[in-house]
Amino acid sequence: MTSSKDSTKNPTFKALFEDENEKFAEEFRDRVRAIHEHFDKDEDGYLKFEELAALQRVTSGTTLEGDQYVMACRALECHPNKGISIEALRLTYASEGTNVGKKTTG
């Protein structure tokens with residue numbers, strides 16, 4: 001797990017919470033919003049299991065298991081019955097090793 005001290009070194013994570021680099025932060029938020037809206041098929045503002053599974057299939061080519069979904073929801077402080085909020089998805093994409101710049105299709 002990344003410590004809060006290490007998180008400040010990640011430019012994406014830092015841009016989410018600071019006003020410097022506002023253009024970068026705005027573009028990042030817009031990309032995450034577009035991804036969220038594309039996969040939020042029921043338009044309720046949350047990615048439930050099937051919707052998040054579709055996102056994972058497109059972006060990584062892997063299958064999301066139910067227990068992985070529950071674990072991700074808990075880690076992001078989201079309720080599995082409600083789904084992943086756009087704010088939680090932003091935090092996920094701000095994590096090291098993720099790339100919000102990849103195009104999604106589906």
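**Notebook: Leu 47 and the salt bridges**

I began with the surroundings of Leu 47 and, setting aside its neighbours within four places in sequence, found this residue in contact with His 36, Phe 39, Asp 40, Leu 52, Leu 55, Tyr 69, Gly 83, Ile 84 and Leu 89. I note at the outset that the model is predicted, and that every value I enter below is computed from it.

I then looked up where Leu 47 sits, and the assignment places this residue in strand 1, which spans residues 46-47. Its relative accessible area comes out at 0%, so I entered Leu 47 as buried. From the contact list I picked out Ile 84 for a distance check: Leu 47 and Ile 84 lie 37 residues apart in sequence, yet their C-alpha atoms are 4.8 Å apart in space.

I turned next to charged pairs, and asked myself how many salt bridges the structure holds. The count I obtained is four, and I wrote up three of these pairs in turn, with the closest approach of nitrogen to oxygen where it was given.

The side chains of Asp 30 and Arg 33 meet in a salt bridge, at 2.7 Å from N to O. I wanted to know why these two are about one helical turn apart, and the reason I recorded is that they are three residues apart in helix 3, which covers residues 22-39. Both ends of this pair came out as partly exposed in my reading, with a relative accessible area of 34% for Asp 30 and 33% for Arg 33.

I moved on to Lys 48, whose side chain meets that of Asp 42 in a salt bridge at 3.1 Å, N to O. Lys 48 also forms a salt bridge with Asp 44, and there I noted that the closest N and O atoms are 1.9 Å apart. Because these salt bridges share partners, Asp 42, Asp 44 and Lys 48 are joined into one network.

Which degree of exposure do the members of this network have, I asked, beginning with Lys 48? At 22% relative accessibility Lys 48 counts as partly exposed, the cut-off for buried being under 20%. Asp 42 is likewise entered as partly exposed, with a relative accessible area of 42%, and Asp 44 is partly exposed with 32%.

As a general remark for the margin, I wrote that side chains of opposite charge can pair when their charged atoms come close.

Notes. Residues are numbered from 1 along each chain as its sequence is written. This is a predicted model: local features need pLDDT of at least 70, side-chain atom pairs count only at pLDDT 80 or more; totals for chains, interfaces and linings use all residues. Side-chain values use heavy atoms; hydrogens and water are left out. Helices (H or I, at least four residues) and strands (E, at least two) are DSSP runs, numbered from the N terminus. Buried means under 20% relative accessible area, exposed over 50%, partly exposed in between (1.4 Å probe, protein chains only). Contact means heavy atoms within 4.5 Å.
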